[in-house]
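Grab a pencil and work through the exercises below with the structure open beside you. Try each task yourself before you read its solution.

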Amino acid sequence: LFRRPWAFVTSVAHLEQLPPEGEIEVAFAGRSNVGKSSLINAITGVNGLARTSNTPGRTQMLNFFAAPESAVTLVDMPGYGYAQAPKSMVDAWTDLVFTYLQGRARLRRVFVLIDSRHGLKANDLEVMGLLDKAAVNYQIVLTKIDKIKPGQLTRVLDETAEKIRKRPAAHPQIIVTSSEKSTGLGEIRAEIFKLSAG
Ligand code: GTP
Ligand code: MG
């Protein structure tokens with residue numbers, strides 16, 4: 001699956017433009033600047049497939065990526081919780097993200113990315129609550145672990161595990177990643193592969 005040449009399919013700014021559902025969709029959600037687009041580039045091995053930026057709010061649409069003859073579509077989402085953007089824009093992205101997350105029958109897993117330096121925030125919990133309610137399976141991915149010390153990682157892992165323990169749609173296993181150092185990419189790929197095989 002990840003030896004294939006992943007390519008851009010389409011960008012969607014409004015829900016009425018959503019493409020027909022792929023066989024299996026896997027989405028990457030999380031606060032602005034957490035590293036969603038970077039992680040998609042890292043796991044697909046295609047540099048610049050998803051556009052990344054130091055400026056929060058880079059990804060403003062739902063971006064769909066697919067590989068030839070593959071059942072899997074990867075979806076890069078706009079980040080939530082970016083306070084600097086105009087409220088009208090934030091509302092539009094939030095609406096797009098939340099509606100997509102609840103209404104897609106073939107959405108098999110949402111990777112909820114959390115910056116390992118910051119841990120779960122109120123808006124992450126809000127998104128997880130929505131996924132629990134919609135019974136959409138999600139899995140926490142800690143990002144940018146190259147930026148923290150091992151002791152900090154242990155602490156944020158423990159805290160996060162405790163916070164997801166009783167959440168009905170949460171996958172119990174937390175994946176630890178660094179797109180910078182290529183950490184944890186195999187685990188993400190393996191999870192996606194499992195979804196496509198079963
Ligand atoms: P939005 O589209 O704005 O929501 O952001 P995003 O979640 O897609 O983040 P993006 O991938 O654009 O990365 C944001 C910034 O974090 C960029 O400057 C990346 O280079 C940096 N970054 C992403 N992943 C890592 C990582 O694993 N380690 C380090 N050190 N920096 C990272
Ligand atoms: Mg992005």
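**Exercise 1. Work out how many residues of strand E4 (residues 72–76) are buried, and what that says about the strand.**

Solution. Keep in mind that this is a predicted model.

Step 1: The cut-off for a buried residue is 20 or more other C-beta atoms within 10 Å of its own.

Step 2: Go through the strand with that cut-off, and five of the five residues of E4 turn out buried, so the strand is largely enclosed by the rest of the structure.

Step 3: Now look at directions. Val72, Leu74 and Asp76 point one way from E4, Thr73 and Val75 point the other way, and all are buried. This fits a general pattern: in a regular strand the side chains alternate between the two faces of the sheet.

**Exercise 2. Find the strands that pair with E4, and say whether each pairing is parallel or antiparallel.**

Solution. Take the partners one by one.

Step 1: E2 runs parallel to E4, and five bridges join the two. As examples, glutamate 25 has threonine 73 of E4 as its bridge partner, and valine 26 stands opposite leucine 74 in E4.

Step 2: Strand E3 (residues 62–66) pairs with E4 in the antiparallel sense, over four bridges. Here phenylalanine 65 has leucine 74 of E4 as its bridge partner.

Step 3: Check how the chain gets from E3 to E4. The two form a hairpin with five residues between them, and glutamate 69 in the turn has a positive phi of about 55°.

**Exercise 3. Move on to E2: how many of its residues are buried, and in which sense does E2 pair with strand E5 (residues 107–115)?**

Solution.

Step 1: Six of the seven residues of E2 are buried, so this strand is largely enclosed by the rest of the structure.

Step 2: E2 and E5 pair in the parallel sense over six bridges. You can spot phenylalanine 28 standing opposite phenylalanine 111 in E5.

**Exercise 4. Put the strands of the sheet in order and name the edge strands.**

Solution.

Step 1: Line the strands up by their pairings, and you get an open sheet of seven strands in the order E1-E3-E4-E2-E5-E6-E7. The pairing is mixed.

Step 2: The edges are strand E1 (7–12) and strand E7 (175–176), each of which pairs on one side only.

Step 3: Now add two helices. Helix H3 (residues 122–134) lies across E2, E5 and E6, and runs at about 165° to E5. Helix H5 (residues 185–197) lies across E2, E4, E5, E6 and E7, at about 145° to E2.

**Exercise 5. Zoom out: what pattern of helices and strands does the protein follow along its sequence?**

Solution.

Step 1: Count the elements, and you find five helices and seven strands.

Step 2: Read them along the sequence: β-β-α-β-β-α-β-α-β-α-β-α.

Step 3: Ask how compact the whole thing is. The radius of gyration is 16 Å, close to the 16 Å that the globule rule gives for 198 residues, so the protein is as compact as a globular protein of that length.

Step 4: Look at the contacts. Of those with a separation of 6 or more, 74% are between residues 24 or more positions apart. Buried residues make up 37% of the 198 residues.

**Exercise 6. Sort asparagine 33, lysine 144 and lysine 87: buried or exposed?**

Solution.

Step 1: Asparagine 33 sits in the loop between strand E2 (24–30) and H1. It has 22 other C-beta atoms within 10 Å, so it is buried. Its phi is positive, about 75°, although it is not a glycine.

Step 2: Lysine 144 is in the loop between strand E6 (138–143) and helix H4 (150–164). With 23 C-beta neighbours inside 10 Å, lysine 144 counts as buried. Lysine 144 isn't a glycine either, yet has a positive phi of about 55°.

Step 3: Lysine 87 lies in helix H2 (residues 87–103). The cut-off for exposed is 12 or fewer neighbours, and lysine 87 has 8 inside 10 Å, so it counts as exposed.

**Exercise 7. Describe what surrounds ligand 1.**

Solution.

Step 1: Count the shell: 24 residues surround ligand 1, and the closest are Gly35, Ser37, Ser38, Thr59 and Gly79.

Step 2: Sort the shell by type, which gives three nonpolar, 15 polar and six charged residues.

Step 3: Ask which element gives the largest share. That's helix H1 (residues 36–44), with three residues.

Key: Residues numbered from 1 in each chain as written. Chains lettered and ligands numbered in written order. Predicted model: local features only at pLDDT ≥ 70, side-chain atom pairs only at ≥ 80, totals over all residues. Near = placed C-beta within 6 Å. Nonpolar A, V, L, I, M, F, W, Y, C, P; charged D, E, K, R; others polar. Rg over C-alpha atoms; globule rule 2.2 N^0.38 Å. Contact = placed C-beta atoms within 7 Å. Pairing = 2+ DSSP bridges. Axes fitted to C-alpha atoms, helices over the stretch in contact; angles between N-to-C directions.
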